[in-house]
Amino acid sequence: MNLERAPEEAPTTIPTTDLGAATDIAPRRAGGCHCGAVRFEAALAPGQPGSRCNCSVCTKTAVTSGMVAPAAFRLLAGEDELRAYEWGAKISRRFFCGRCGVHCFGRGYLEEIGGHYVAVNLNCLDGFDAAAAPVIYWDGRHDNWGAGPRPAPWPVSPA
Ligand SMILES: [Zn+2]
């Protein structure tokens, strides 16, 4: 399974909207799925909050993501175990472990957040309390990316 985009498409940084409040997310964190088959590491900027989204998939998985540029993410193990899921406009491919089912990360492209990105499931990071991290919210359900993130959840009801 080819997980990498062409190198020329992969920026080293994500120029992005102001991501706001400080956090204790440290650079270069390792993480993985539950059974241990999938391992990865990601460089998360200090001060970077977690992202949540109200779209139909994010609502069901309840993922809090750390958004990083593709160059800031490295899959260390488990490529053969990874399964992928895409839907709708196929903004992103979501990767989960085929053994334990844990959603580990997604790869996507969204102009509004600076192009190619990897959305790391912060709940998968070793020794990191994602529930204690500051969170920003996107209105993915209504394709309202241009509005940017805000500090309160967007509604899941129809626009
Ligand atoms: Zn697993």
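What share of the contacts in the protein between residues at least 6 apart in sequence join residues at least 24 apart? The share is 62%, where two residues count as in contact if their C-beta atoms, placed from the backbone, lie within 7 Å.

1. Basis of the model. This is a predicted model, in which local features need pLDDT of at least 70 and side-chain atom pairs count only at pLDDT 80 or more, while totals for chains, interfaces and linings use all residues. Residues are numbered from 1 along each chain as its sequence is written.

2. Confidence. The average pLDDT (the predictor's confidence in each residue, from 0 to 100) of the protein is 82, and 82% of the residues score at least 70. Residues 4-26 call for caution when reading the model, since pLDDT stays under 50 over that stretch, for which the model has 43 contacts beyond four places in sequence.

3. Secondary structure. The protein has 1 helix and 10 strands, where helices (H or I, at least four residues) and strands (E, at least two) are DSSP runs numbered from the N terminus. Read from the N terminus on, the order of elements is β-β-β-α-β-β-β-β-β-β-β.

4. The open sheet. An open sheet is formed by 3 strands in the order 1-2-5, with antiparallel pairing; two strands are taken to pair if DSSP finds at least two bridges between them. Strand 1 and strand 5 are the edge strands, each pairing on one side only, and the twist averages 25 degrees from one strand to the next, with axes being lines fitted to C-alpha atoms (for helices over the stretch in contact) and angles running from 0 to 180 degrees between N-to-C directions.

5. Pairings of strand 2. Strand 1 (residues 29-32) is joined to strand 2 by 4 bridges in the antiparallel sense, and Gly 32 has Arg 39 in strand 2 as its bridge partner. These two strands form a hairpin with 6 residues between them, and Gly 36 in the turn has a positive phi of about 95 degrees. Strand 2 also pairs antiparallel with strand 5 (residues 73-77) over 4 bridges, where Phe 40 has Leu 75 in strand 5 as its bridge partner.

6. Faces of strand 2. Phe 40 and Ala 42 make up the covered face of strand 2, whereas Arg 39 and Glu 41 make up the uncovered one. In a regular strand the side chains alternate between the two faces of the sheet.

7. Burial and cores. Of the 159 residues in the protein, 34% are buried, that is, they have 20 or more other C-beta atoms within 10 Å of their own (12 or fewer is exposed, in between is partly exposed, and C-beta atoms are placed from the backbone). The largest nonpolar core (a set of buried Ala, Val, Leu, Ile, Met, Phe, Trp, Tyr and Cys residues joined through C-beta atoms within 7 Å) has 24 residues, of which Val 68, Phe 73, Cys 104, Phe 105 and Val 120 touch the most other members. The largest share of this core, 4 residues, comes from strand 9. Apart from this core lies another, of 5 residues, among them Cys 55, Cys 58, Val 63 and Trp 138.

8. Gly 47. This residue lies in the loop between strand 2 (39-42) and strand 3 (50-53). Gly 47 is partly exposed because 13 other C-beta atoms lie within 10 Å. Gly 47 and Ala 133 are 86 residues apart in sequence, yet their C-alpha atoms are 9.9 Å apart in space.
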